[in-house]
Amino acid sequence: MSEITKQQVLDALSQVKGPDLKGDLVSRDMVTEIVVTGGNIMFGLSIDPAKAKELEPMRQAAERAVSEIEGVDKVMVALTAEKAPTNGATAPSTRGAKTQGAAPQSGAVAGVKHLVAVASGKGGVGKSTTAINVALGLAAMGLKVGVLDADVYGPSLPRLVGQKTLPQQDPTSEGKLQPAEAFGIKVMSMGFLVEEDTPMIWRGPMVQSALQQMLNDVEWGELDIMVIDMPPGTGDAQLSMAQQTPLAGAVIVSTPQDLSLIDARKGLNMFIKVSVPVLGIIENMSYFVCDKCDERHEIFGHGGAKAEAEKLDLPFLGEIPLDKMVRERSDSGEPVVVSEPDSVHAGIYKDIAKQIWAAVEGKTATASAGPKIVIE
Ligand code: ADP
């Protein structure tokens, strides 16, 4: 079958009425960044953020119109905001500290008890590896677990769980996507819809909207906990995400290097700014035990994250040694917690999982509502 063209998508969208039923989506110049990968189509509709809620039916109509094109498998439509929202808007904002006046997104994700973000100040520190292994550690406790890969810039979850595609979609599910299942947990990632190396241009609001859809338009079912693998860094997109998602808490992954710790501190401050409790810090690539001499080598120094956690009066959740096996298992789609359940590493990840669970359960005992956003 021939490749679906952007023109076909535009033709379909020109049949959908614009806001206030005036004109159509194309003639009103609302369609942004169409991405076609095989049968998967993604695009944005740029709107006034104050109208995000009332324009949801329009978004759904656009989704329907495109899904009717022959050969289309999945459609993802993000509402994107061109302008920063005005006072009290509930739509995503990209304006950093000024967003503190905005209200949080409406309540929790249906059926999901706790949402926990795994974040890092910069890329490459092992955030995704930690997120999936901790999630599997939570599952090993008998909990119902989901993992949402919100790292839309470099989605790695499909590779980490060794699956490339979503399951056959149920046509009766009214537009909701079925997540993939791996090792007994539910997983969702933009990487199931686009190739890992497909360059995508994401503007802040589009990232936020994509995340909201992966949270709300996916059949997650009942979950005890959802682990969200955040995009690395502390930019506007991450801040907005932290603010708009009803997080029970966040954990920060850092390597012991100073530079990484400075970045981790920024990550920490970001969550503090939006009043999301930081549940603790994890030091990854903490030390290396040589399999030949059995000696412990502290390649990046050691203990920096622990000292930092103490200074900030935050729990230190654990240190994960640098180990070739972790990387190899990750690359082959068999995270160590399931492939080497009796290894030292699996033990550490499971221990971290226990601490995270205790922290979020403890929190709900005293405060059942989601995090409060500071209104200055
Ligand atoms: P991030 O999500 O922070 O960008 P990843 O989880 O993708 O980082 O990890 C980056 C690389 O480091 C991957 O190749 C991964 O397999 C490897 N890695 C992560 N943690 C460890 C570890 N403890 N020991 C060895 N390799 C690791």
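This report covers the confidence of the model and the surroundings of its ligand.

**Confidence**

The model is predicted. Average pLDDT for the protein is 80. A score of at least 70 is reached by 79% of the residues. Helix H3, residues 127-140, has the highest confidence, with a mean of 97. Strand E11, residues 296-297, has the lowest, at 68.

Two stretches deserve caution. Residues 83-107 stay under 50 in pLDDT. The model gives them 49 contacts beyond four places in sequence. Residues 364-376 are also below 50. That stretch has 18 contacts beyond near neighbours in sequence.

**Around the ligand**

The ligand has 16 residues around it. Those that come nearest are Gly124, Gly126, Lys127, Ser128 and Thr129. By class, the shell holds six nonpolar, seven polar and three charged residues.

Several elements contribute to this shell. H3, strand E10 (278-289), strand E12 (316-322) and helix H9 (324-331) each supply at least two of its residues. H3 is also the helix where confidence is highest.

Three residues place atoms at these distances from the ligand:

| Residue | Protein atom | Ligand atom | Distance |
|---|---|---|---|
| Val125 | backbone N or O | oxygen | 3.1 Å |
| Asn284 | polar side-chain atom | nitrogen | 3.0 Å |
| Asp323 | backbone N or O | nitrogen | 3.0 Å |

How much of the ligand's accessible area does the protein cover? On its own, the ligand has 570 Å² of accessible area, and the protein covers 82% of it.

Notes. Residues are numbered from 1 along each chain as its sequence is written. Side-chain values use heavy atoms; hydrogens and water are left out. pLDDT is the predictor's confidence in each residue, from 0 to 100. Helices (H or I, at least four residues) and strands (E, at least two) are DSSP runs, numbered from the N terminus. Contact means heavy atoms within 4.5 Å. A residue is near a molecule or strand if one of its heavy atoms lies within 4 Å of it. A polar contact is a pair of N or O atoms within 3.5 Å; within protein, one must be able to donate a hydrogen and the other to accept it, and residues adjacent in sequence count only if both atoms are side-chain atoms. Accessible areas come from the Shrake-Rupley method with a 1.4 Å probe; for residues, only the protein chains shown count as cover. Ala, Val, Leu, Ile, Met, Phe, Trp, Tyr, Cys and Pro count as nonpolar, Asp, Glu, Lys and Arg as charged, and the others, Gly among them, as polar.
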